[in-house]
Amino acid sequence: MSHYNPATTDFLAPEVRRDPYPYFAYLRARDPVRWVPAMNAFVVTRYADIATILRDPETFSSIAMRRQAPGKDAHARGGQSVITSDPPEHARLRKILQEEFRVRPLRELETRIRELVTTLSAALETQTAFDLVRDFTVPLPVTVIAELLDIEPSQHAAFKHWSDCLIKLLNDRAGPEWQLARQGVGELIDFFSAVFMQRSEDFSARHDILSVLLRAEAAEQIERREMIAYAMLLLTGGNETTTNLIGGMVLALQQRPDQLAVLRENPSLIPNAIEEGLRYCSPVQGVYRRAMREVELAGQTIPAQADIVVMLASANHDESHFERPDSFEVTRRTGGQVGFGMGIHHCLGAHLGRLEARVALEWLVPRIERFECTQDAVTWNDNWFVRGPESLPLRWKAD
């Protein structure tokens with residue numbers, strides 16, 4: 001519950017990061033296109049305006065997603081990706097991996113995802129207390145994306161660290177932690193550069209996603225710098241959203257035992273509950289765009305070349321589009337939720353994230369009522385760009 005006054009609180013204040021929705025509601029009602037000097041960008045919060053922006057890549061460019069590139073030298077080694085490019089480059093890059101992330105090929109992954117959930121859950125059931133984020137919601141998607149890239153298990157911890165560094169660059173603009181994150185992203189660029197160099201010698205018989213990119217390079221469909229950027233995007237998008245979605249949904253179901261009871265009674269509703277989780281929890285809170293010409297939104301003039309923060313989380317809680325938006329309802333019709341974005345940049349890995357969340361929740365739902373929190377308040381990750389519990393220390397209730 002909010003304990004701050006949205007009228008007098010800064011957008012980047014810690015209390016807003018912990019509970020942003022009262023702040024978004026205030027902005028939607030009073031200041032739907034607000035200039036935020038600390039972010040050097042306009043923050044847009046109404047659903048209708050956000051839909052306008054996301055459906056018009058010609059006017060609102062995704063090049064703004066590159067504004068936090070990790071230094072000139074590192075940036076020179078990493079090119080544009082599907083989230084930082086506009087048509088026609090966007091279509092060229094997305095087409096290369098689009099088939100890999102369709103529903104049909106991903107069905108083959110379900111067996112492996114179930115194996116991972118079984119392994120992780122078996123470890124939890126042997127412990128009296130555990131951290132659900134550290135021991136379950138982080139390792140599940142990190143392992144899945146690492147295996148899709150065919151990266152050895154010894155690098156999984158580094159993958160999570162590098163993913164956190166990428167998010168930190170988007171979240172902040174300066175400071176010691178930002179500098180360390182910059183360094184970490186440079187390490188990640190070096191890592192993928194070395195992997196591509198090694199695998200470029202013989203990739204014909206390989207079936208991992210990095211080898212798909214190498215084949216596209218051989219066909220002159222993509223450049224090496226773009227491949228590095230693609231791999232970095234897959235790493236971050238492949239674990240951050242799913243980790244935060246599952247953690248956020250566990251909290252929501254603990255807070256709404258009536259909704260948990262609905263899912264326990266009818267597990268076939270879990271896929272719909274995931275759509276509600278994407279709306280209600282909004283694991284990705286917002287994205288950047290850049291106005292390519294002067295444009296007016298909600299009575300506010302946005303100059304050409306100005307950056308915009310499109311608050312997906314606010315759109316997902318906009319009362320003009322969703323009834324009772326601040327209520328978590330697993331049977332809700334969630335049409336129009338933008339948890340995975342909207343328009344040409346709708347998340348490439350959306351099907352994979354849904355699959356991982358479904359398998360995880362099929363194990364979690366029958367057991368959530370047996371979880372007991374071991375701390376009074378939830379610790380949320382300290383950024384605005386993505387949102388989820390930093391940790392979820394739990395213990396099994398005594399029988």
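I began with the second largest cavity of this predicted model: its lining divides by class into six nonpolar, two polar and two charged residues. I listed the lining of that cavity as Phe 11, Val 16, Arg 17, Pro 20, Phe 24, Gln 285, Met 311, Asn 383, Trp 384 and Arg 387. I noted a volume of about 70 Å³ for the second largest cavity. My search of the whole structure gave two cavities of 30 Å³ or more.

Next I looked up the second largest pocket. I put its space at about 520 Å³. I found 22 residues in the lining, with Lys 160, Asp 164, Asn 381, Asn 383 and Glu 390 nearest the centre. Asn 383 thus has an entry in my notes for the cavity lining and for the pocket lining. By class I recorded eight nonpolar, six polar and eight charged residues for the pocket.

Which elements supply at least two residues each to the pocket lining? I noted H8 (132–137), H10 (156–171), H11 (176–199), H13 (224–255) and strand S11 (389–391). H10 gives the most, with six residues.

I then turned to H13 and its packing with H12 (residues 209–218). Their axes come within 10 Å and cross at roughly 160°. The angle is over 145 degrees, so I entered H12 as roughly antiparallel to H13. I recorded the crossing of H12 and H13 as right-handed. On the H12 side I listed Ile 209, Leu 210, Leu 213, Leu 214 and Glu 217 in the contact; on the H13 side, Arg 224, Met 227, Tyr 230, Ala 231 and Leu 234. By class, I entered eight nonpolar, no polar and two charged residues for this contact.

How values were computed. Residues numbered from 1 in each chain as written. Predicted model: local features only at pLDDT ≥ 70, side-chain atom pairs only at ≥ 80, totals over all residues. Heavy atoms only, no water. 1 Å grid on protein atoms, 1.4 Å probe; cavity = no way out; pocket = protein on both sides within 12 Å on 5 of 7 lines; lining within 4 Å. Points joined across faces, edges and corners; volume = space filled by probe spheres on them. Helix = DSSP H or I, 4+ residues; strand = E, 2+ residues; numbered from the N terminus. Nonpolar A, V, L, I, M, F, W, Y, C, P; charged D, E, K, R; others polar. Axes fitted to C-alpha atoms, helices over the stretch in contact; angles between N-to-C directions. Parallel < 35°, antiparallel > 145°, perpendicular 65-115°, else oblique. Left-handed = near helix turned anticlockwise from the far one by under 90°. Contact = heavy atoms within 4.5 Å.
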